[in-house]
Protein chains: 2
Amino acid sequence: MATRHSSFTTIRILQALHMTERFRAWYLLETSHDVGLVAEILAGEQSTAKGVRLPGDTGDEIHERYGARIESIELLDESARPSLPSREQGGGVCRRAEVCLSWPVHNVGASLPILWVTLLGNQVGMRQLSGIRLRRLELPASFVRSCPLPQFGIHGTRRLTGVYGRPLIGCIVKPNIGLTPEQTAGAVRELAASGIDFIKDDELIASPPYSPLAARVAAVMPVIDEIAQGTGRKVMYAFNITDEYDQMLRHHDTVLAAGGTCVMVDINGVGLSGLASLRRHCQLPIHGHRAGWAMFTRSPALGMDFQPYQAIHRLAGVDHLHVSGLGGKFWEDFDTVLSSARHCLTPLSSGPGRDDRAMPVFSGGSTIHQAAPTFHGAGTADLIYTCGTGIMGHPVDLASGCRSMRQAWEAALQGIPLRHYAKTHPELAAALSGRRDPVH
Amino acid sequence: MATRHSSFTTIRILQALHMTERFRAWYLLETSHDVGLVAEILAGEQSTAKGVRLPGDTGDEIHERYGARIESIELLDESARPSLPSREQGGGVCRRAEVCLSWPVHNVGASLPILWVTLLGNQVGMRQLSGIRLRRLELPASFVRSCPLPQFGIHGTRRLTGVYGRPLIGCIVKPNIGLTPEQTAGAVRELAASGIDFIKDDELIASPPYSPLAARVAAVMPVIDEIAQGTGRKVMYAFNITDEYDQMLRHHDTVLAAGGTCVMVDINGVGLSGLASLRRHCQLPIHGHRAGWAMFTRSPALGMDFQPYQAIHRLAGVDHLHVSGLGGKFWEDFDTVLSSARHCLTPLSSGPGRDDRAMPVFSGGSTIHQAAPTFHGAGTADLIYTCGTGIMGHPVDLASGCRSMRQAWEAALQGIPLRHYAKTHPELAAALSGRRDPVH
């Protein structure tokens with residue numbers, strides 16, 4: 001009987017092992033120690049750290065069922081000096097390697113905050129490392145499907161705006177902060193009347209004393225509705241509801257009740273816990289602003305690439321996600337921006353009726369000149385193209401600014417050079433010349 | 001009348017300007033451009049970015065009321081090459097400077113997520129910068145008082161545990177993940193019976209399928225209560241409730257209903273929005289685990305120092321905050337760890353009945369040998385000292401491990417060298433010798 005019991009147990013464990021799906025993460029590691037040893041320490045630290053065992057410790061069974069596993073180690077180059085400081089470096093050259101680790105999904109359950117600290121927790125601070133950067137994340141479909149995920153995505157956003165076959169042309173109200181609700185509504189009236197598809201609050205304004213969210217919604221939505229009655233299309237306004245969670249939910253309800261069609265969240269200020277719960281309650285697309293993302297990615301030896309970052313935030317439910325713009329104010333080169341957009345458009349899981357893509361938002365220095373390279377680089381028109389100066393700086397007026405941007409995209413989609421298309425499109429021509437029309 | 005109205009308006013604006021308190025942030029900036037110019041761009045980007053003006057733009061009044069202000073620029077050293085990459089560097093040497101910026105508090109309202117993106121948002125990614133790090137944050141008392149703040153802090157934690165005049169000695173259940181609720185309860189029984197003050201879940205376990213939070217609470221709390229009936233002191237167990245916000249609140253209620261006295265939150269996985277709202281509902285001390293903090297701080301040219309980080313999380317309501325340990329597995333030198341602890345203990349605002357300090361948690365490699373340097377470096381015994389191997393590795397048993405740690409702290413508090421104190425304290429002597437007692 002004892003033997004039989006034991007073999008039953010073994011079968012149960014083996015079944016569990018085979019049935020358990022795993023998620024995989026690829027890291028760039030840099031260390032002056034042995035790479036394999038450091039990878040093992042890292043895997044231990046982020047799962048069943050082997051320390052001293054308590055009497056109740058069932059030992060190897062636990063490590064086998066819950067331990068992180070080294071899937072591969074690929075040695076890369078060497079560096080003469082450590083990229084990051086540590087009170088303990090092994091001395092000598094620092095080796096760089098790409099290391100793939102995997103974890104069983106039952107370690108995390110369906111918790112994105114726990115996924116985050118598993119991928120980017122204590123191991124980032126390990127003294128043996130002089131570099132650690134999360135490059136890529138791969139998740140089993142079952143895990144993906146247990147997450148909130150985008151609710152509206154591309155199709156929902158197009159349905160709400162009535163814009164098809166081209167990007168949504170967007171604008172940010174300027175000045176970005178400091179306007180009263182009434183002043184904001186005035187700017188919205190002008191933008192909406194000029195044919196804009198999408199308007200967003202700045203990431204720095206949510207519900208300050210000079211423009212409480214409820215007051216801004218109350219001032220802006222009637223204007224949007226009024227203009228929609230004339231044009232038949234409702235401008236999508238992304239109200240920034242970033243706040244403590246309870247407030248954020250209240251702001252969402254305010255926007256929804258007023259007929260608004262989008263809420264915006266500063267995802268780094270809010271965090272995964274609030275974002276994922278908001279998504280469970282949310283009845284509107286979530287416009288994900290990534291202000292502060294640079295802190296996670298700008299040191300080549302630290303932090304993370306955009307692939308895992310965007311994946312996790314899509315799992316948490318963003319429908320739109322910022323990727324910077326080509327030639328804007330930010331540090332990233334064009335390839336990084338374009339590949340970021342393509343990541344947002346790469347399905348995390350597939351299946352009938354499933355669409356977990358997020359709509360990439362190009363923002364920051366976007367003008368008529370970036371339309372064609374954005375279209376060709378992103379390989380799609382399923383994007384939001386937000387401009388500030390690119391529209392407001394038009395030499396004639398806002399309406400001409402909006403029209404010129406629409407024309408630049410028509411040209412891009414048809415593969416016609418801007419200067420050529422401008423010959424029959426005066427607003428684009430004026431934007432190209434950059435001079436105010438003398439008749440105005 | 002026109003004149004009179006205008007002078008009234010001017011007086012109103014001036015009053016508002018004088019009455020508006022400001023928060024200040026000190027940055028390390030590195031740039032190959034002109035430092036003053038870059039500081040101006042940064043101030044603009046993070047407030048009333050001067051772009052093209054709409055007809056309704058009231059111009060300078062807005063910039064004066066809502067603009068960030070450069071308070072000081074102190075040139076530091078130079079670097080021959082940029083610390084961080086950018087698609088645009090000005091060429092030549094990179095100058096480093098400490099720049100202090102200030103913002104009026106009405107820009108932010110009382111929103112910590114908006115404070116976060118104001119301090120560490122788009123500016124971190126600016127192409128003109130090859131380094132940007134937030135070093136220090138100073139907030140007006142009125143702003144501090146509008147935030148959630150620690151609810152229990154040092155006094156509340158001591159009251160709940162009955163531990164006075166010395167640190168709370170803590171332990172982490174090992175293996176840190178993979179135990180069933182019953183196995184966890186077994187480990188807790190042994191630890192609690194051994195005289196431990198504080199036990200915490202690992203940061204990687206919250207409510208996974210193999211140990212749902214509710215089941216773990218149900219298994220652990222009766223053990224803690226039973227032992228408390230014997231000892232008269234209730235061990236504080238920090239249940240890790242990290243999760244999506246709604247779940248986190250449910251977990252909190254579960255812990256509270258079962259008579260638990262602490263909840264733990266992985267603050268980087270959860271985010272400010274969820275943490276601050278949790279604190280508004282919370283009836284237990286919040287144990288703040290900073291797993292992943294290294295990502296924010298480990299590149300000297302990027303991210304932030306601990307002073308602003310701990311301040312913001314205390315504003316959001318953590319009662320305890322991890323600071324690493326002396327000589328542990330992490331990269332930080334001892335001075336950094338000790339100054340982190342001192343920051344947690346520095347009041348953000350003062351006044352009768354106010355105490356917004358958080359209790360620093362030393363964790364990671366803590367043994368009997370770090371007691372004295374921790375006490376002298378932190379300048380206080382108002383701390384939590386959590387050990388894993390430092391207690392469980394005792395050559396005799398867990399009870400001896402706990403006792404040896406208490407003795408090491410008695411020695412530290414009395415200024416007696418360990419070896420001297422060990423002469424009359426056998427558990428400490430055994431821990432020092434590191435050999436298993438032959439009679440066991």
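## A walk through two chains and two domains

Start with both chains on screen: 100% of the interface residues of chain B are also interface residues in chain A, so the copies meet through the same surface. Keep in mind that this is a predicted model.

Now colour chain A and chain B separately. A turn of 180° with a shift of 0.0 Å along the axis lays chain B on chain A, with an RMSD of 0.0 Å. That is the relation of a two-fold axis. To find where the axis runs, select B:Gly271: in chain B, its C-alpha is the nearest to the axis, at 1.9 Å.

Next, hide chain B and split up chain A. Select 21-138 for domain 1 and 153-392 for domain 2. Their centres, taken over C-alpha atoms, are 35 Å apart.

Where do these two domains of chain A touch? Here 18 residues of domain 1 are in contact with 18 residues of domain 2. The area buried between them is about 1,500 Å², with carbon and sulfur atoms giving 68% of that. Show A:Leu112, A:Trp116 and A:Arg133 as sticks: together they supply 45% of the area that domain 1 buries against domain 2, more than any other three residues.

Stay on A:Arg133 and add A:Asp305. Their side chains meet in a salt bridge, 2.7 Å from N to O, and one salt bridge is what the rule finds across this domain interface. There are also 10 residue pairs in polar contact between the two domains.

Last stop: select α4 (112-119) and β4 (129-138) of chain A, which each supply at least two residues of the domain 1 side. The largest share, eight residues, comes from β4(A). By type, that side divides into 12 nonpolar, three polar and three charged residues.

Terms used:
Residues are numbered from 1 along each chain as its sequence is written. Chains are lettered from A and ligands numbered from 1 in the order in which they are written. This is a predicted model: local features need pLDDT of at least 70, side-chain atom pairs count only at pLDDT 80 or more; totals for chains, interfaces and linings use all residues. Side-chain values use heavy atoms; hydrogens and water are left out. Copies are superposed by least squares on the C-alpha atoms of residues with pLDDT of at least 70 in both. Contact means heavy atoms within 4.5 Å. Domain bounds come from an automatic or database domain assignment. Buried area is the accessible area (1.4 Å probe) that two parts lose on being put together, summed over both. A salt bridge is a side-chain nitrogen of Lys or Arg within 4 Å of a carboxyl oxygen of Asp or Glu. A polar contact is a pair of N or O atoms within 3.5 Å; within protein, one must be able to donate a hydrogen and the other to accept it, and residues adjacent in sequence count only if both atoms are side-chain atoms. Helices (H or I, at least four residues) and strands (E, at least two) are DSSP runs, numbered from the N terminus. Ala, Val, Leu, Ile, Met, Phe, Trp, Tyr, Cys and Pro count as nonpolar, Asp, Glu, Lys and Arg as charged, and the others, Gly among them, as polar.
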